[in-house]
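Here is a short set of exercises to work through with the model open beside you. Try each task first, then follow the solution step by step.

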Amino acid sequence: MLQRMCWIFPDRESTRTAAQWNRAFWQTYQEVAAELGLSWERTSPEAVTVDALDPRDPRVYVDGVQVTPRDTLFVTSPYTLPYQAADAFNQFTLYAVLEQAGFYLPHPAWLAALGNDKLATLLFLKDSPIPPVPTVRIGSGRDLLYDEFLPAVEKLPYPAIVKPAGWAASRGINMAHDDHDVRGLLSLAQGGDTTLVFQPYLGRATTDYRIHMVDGKPHTTLVRIPGDGARYPQYSTGARLHYAPLPDELAAAVDYFARRLPMPYFCVDFLHDGERFWLSEVEPDGAIMCPDPHDPAVVAQNRAIVRDRFLAYRDGHARLHGGAL
C-alpha cells in the first residue's frame with residue numbers, strides 16, 4: 001500500500017527561498033497528502049542509498065530508512081538551476097536506478113531530459129496541433145569566441161526572447177535586438193556554461209495559458225497576464241494570475257499531449273500573442289501555485305488540483321502493483 005511520496009529535489013535553497021516555496025506550494029502539498037493518508041517529502045539525491053549486492057533484490061533507503069516499491073513512489077523531475085548543477089548528473093542517474101529497482105516514477109526516467117530542455121520538448125512535440133514557438137538553441141562553451149553560432153541565427157527575427165534551455169521559474173529571461181545582443185548574452189551565459197534558446201518575441205500583450213493535465217484530461221487552466229511594463233507573463237514581474245475556462249482551440253488539442261506524454265500529471269504551457277496560440281513548453285512537475293490565497297473558492301480549486309494529482313499518482317502506483325491500493 002502506498003504510504004510515501006518522495007520528491008527528489010536538490011536541497012540547495014537559501015533559508016529565505018525555502019520559506020517562500022514552502023508558502024507557495026510545499027505546505028499545501030504536505031497538507032493535501034496528509035488528508036489522503038500519504039506523506040509528501042522533499043528528498044535530496046544524496047539521501048537515497050541502494051544496497052544491490054543482490055541485484056535481484058535491491059534494498060533502497062531514504063535517510064537510512066528502508067523503502068519499498070509497494071510503499072513509496074518517487075517524483076523525479078530534474079532541477080538544474082546553476083546552484084543545483086552539482087546534483088544534475090546524480091539526479092538523472094538516480095532516476096534510472098530507482099526505475100530499474102522497481103519503483104513507480106510518475107515522471108518516467110526517459111522523459112526527464114525531454115522535459116528539461118525547451119528545444120527537446122518542442123522537437124518531441126513538433127506535430128502538435130498548436131505549433132511550437134520557433135526556437136534556436138545555442139551552447140555557450142569555451143569556443144564561443146569563434147562565433148560559430150552565427151549561421152544558426154541568420155534567420156532569427158528580432159527582437160528575440162532569450163531563455164536558458166533548462167532552468168525553471170522564468171529565470172534568466174532577456175531580450176536580444178540584434179546579433180550583438182546575442183553575442184553579449186551568450187558571453188554572460190558562458191560564465192555558467194549555460195545553453196540558451198532564442199525565440200521570436202511575441203509582444204508585450206502575450207498571455208500565458210497553463211493547463212494542468214491530470215490522468216490525461218485537462219483539469220484546470222491558469223492564465224498569466226504580464227504585469228505593467230513587463231515583457232513576459234511571470235509572477236516575479238508582477239503578472240496577474242487567475243483560473244479561467246479552457247479555450248476551445250486548446251480543448252481540441254489536449255488529447256495529442258495526453259497521448260505523447262503518458263504521465264498522470266503534467267503542465268503544458270501555451271502563449272497567445274493576441275491572434276493565435278503557440279506551444280511554449282511542458283513541465284512534468286509544474287508547480288501548483290494559488291493565484292489568490294485570499295479567495296476561498298480559488299484556494300479550494302488550487303487544492304483540488306493537488307488532490308487529484310496525488311490521487312492520479314496513487315492510482316498509477318496501484319496499477320503497477322496489481323491494483324493493491
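A cavity is a set of grid points where a 1.4 Å probe fits but cannot get out. Keep in mind throughout that this is a predicted model.

**Exercise 1. The enclosed space**

Task: Find how many cavities of 30 Å³ or more there are, and describe the lining of the largest cavity.

Solution:
- Start with the idea behind the search: rolling a probe the size of a water molecule over the atoms shows where empty space is left.
- Next, count: there is one cavity of 30 Å³ or more. The largest cavity holds about 60 Å³ of space.
- Now list the lining, which consists of Leu-111, Leu-114, Gly-115, Thr-121, Phe-124, Leu-125, Leu-261, Met-263, Val-282 and Pro-284.
- Then sort these residues by type: eight are nonpolar, two are polar and none is charged.
- Finally, look for helices in the lining. Helix H3 (112-116) and helix H4 (118-124) each supply at least two of its residues.

**Exercise 2. The two sides of H5**

Task: Work out which residues of helix H5 are buried and which are exposed on the other side.

Solution:
- Begin with the helix itself. H5 covers residues 179-190, and its 12 residues reach 16 Å from first C-alpha to last, close to the 16 Å expected at 1.5 Å a residue.
- Pick out the buried positions in H5: Val-182, Leu-185, Leu-186 and Ala-189.
- Look down the axis: the buried residues of H5 fall within an arc of 100°, so they line one face of the helix.
- Ask what covers them. The cover includes strand S7 (136-138), strand S8 (160-164), strand S9 (174-176) and strand S10 (196-200).
- Turn to the other side of H5, where His-180 and Leu-188 are exposed. Leu-188 counts as exposed because its relative accessibility is 69%, and the cut-off for exposed is over 50%.

**Exercise 3. What H2 packs against**

Task: Identify the buried residues of helix H2 and the elements that they pack against.

Solution:
- First, the dimensions: H2 (residues 85-100) has 16 residues and spans 24 Å between its first and last C-alpha, close to the 22 Å expected at 1.5 Å a residue.
- Its buried residues are Asp-87, Ala-88, Gln-91, Leu-94, Tyr-95 and Leu-98.
- These buried residues pack against strand S1 (4-8), strand S3 (48-51), S4, strand S6 (72-75) and H3.
- Move on past the end of the helix: just after H2, Gly-102 has a positive phi of about 95°.

**Exercise 4. Distance in sequence and in space**

Task: For Val-306 and Ala-33, for Leu-188 and Val-32, and for Gly-216 and Asp-255, set the separation in sequence beside the C-alpha to C-alpha distance.

Solution:
- Val-306 and Ala-33 are 273 residues apart in sequence and 8.4 Å apart in space. Val-306 sits in helix H8 (residues 296-320) and is buried, with a relative accessible area of 0%.
- Leaving out residues up to four places away in sequence, Val-306 touches Thr-28, Tyr-29, Val-32 and Ile-288.
- Leu-188 and Val-32 have 156 residues of sequence separation and lie 42 Å apart.
- Gly-216 and Asp-255 are 39 residues apart in sequence, with 7.3 Å between them in space. Gly-216 belongs to the loop between strand S11 (207-214) and strand S12 (217-225), and at 18% relative accessibility it counts as buried.

**Exercise 5. Unusual backbone geometry**

Task: Where does Asp-63 lie, where is Asp-193 found, and which peptide bond ending at Pro-159 is cis?

Solution:
- Recall the background: most residues other than glycine have a negative phi, and most peptide bonds are trans.
- Asp-63 has a phi near 50°, a positive value in a residue other than glycine. Asp-63 lies in the loop between strand S4 (59-62) and strand S5 (65-67), and is exposed at 61% relative accessible area.
- Asp-193 also has a positive phi, near 50°. Asp-193 is in the loop between H5 and S10, and counts as exposed at 58%.
- Last, the peptide bond from Tyr-158 to Pro-159 is cis, with omega near 0°. Pro-159 is part of the loop between S7 and S8.

Notes
Residues are numbered from 1 along each chain as its sequence is written. This is a predicted model: local features need pLDDT of at least 70, side-chain atom pairs count only at pLDDT 80 or more; totals for chains, interfaces and linings use all residues. Side-chain values use heavy atoms; hydrogens and water are left out. On a 1 Å grid over the protein atoms alone, a cavity is a set of points where a 1.4 Å probe fits but cannot get out, and a pocket is an open set with protein on both sides within 12 Å along at least five of seven lines; lining residues have an atom within 4 Å of a point. Grid points are joined across faces, edges and corners, and a volume is the space filled by probe spheres set on the points. Helices (H or I, at least four residues) and strands (E, at least two) are DSSP runs, numbered from the N terminus. Ala, Val, Leu, Ile, Met, Phe, Trp, Tyr, Cys and Pro count as nonpolar, Asp, Glu, Lys and Arg as charged, and the others, Gly among them, as polar. The expected span of a helix is 1.5 Å times one less than its number of residues. Buried means under 20% relative accessible area, exposed over 50%, partly exposed in between (1.4 Å probe, protein chains only). The arc is that of the directions from the helix axis to the C-beta atoms. Contact means heavy atoms within 4.5 Å.
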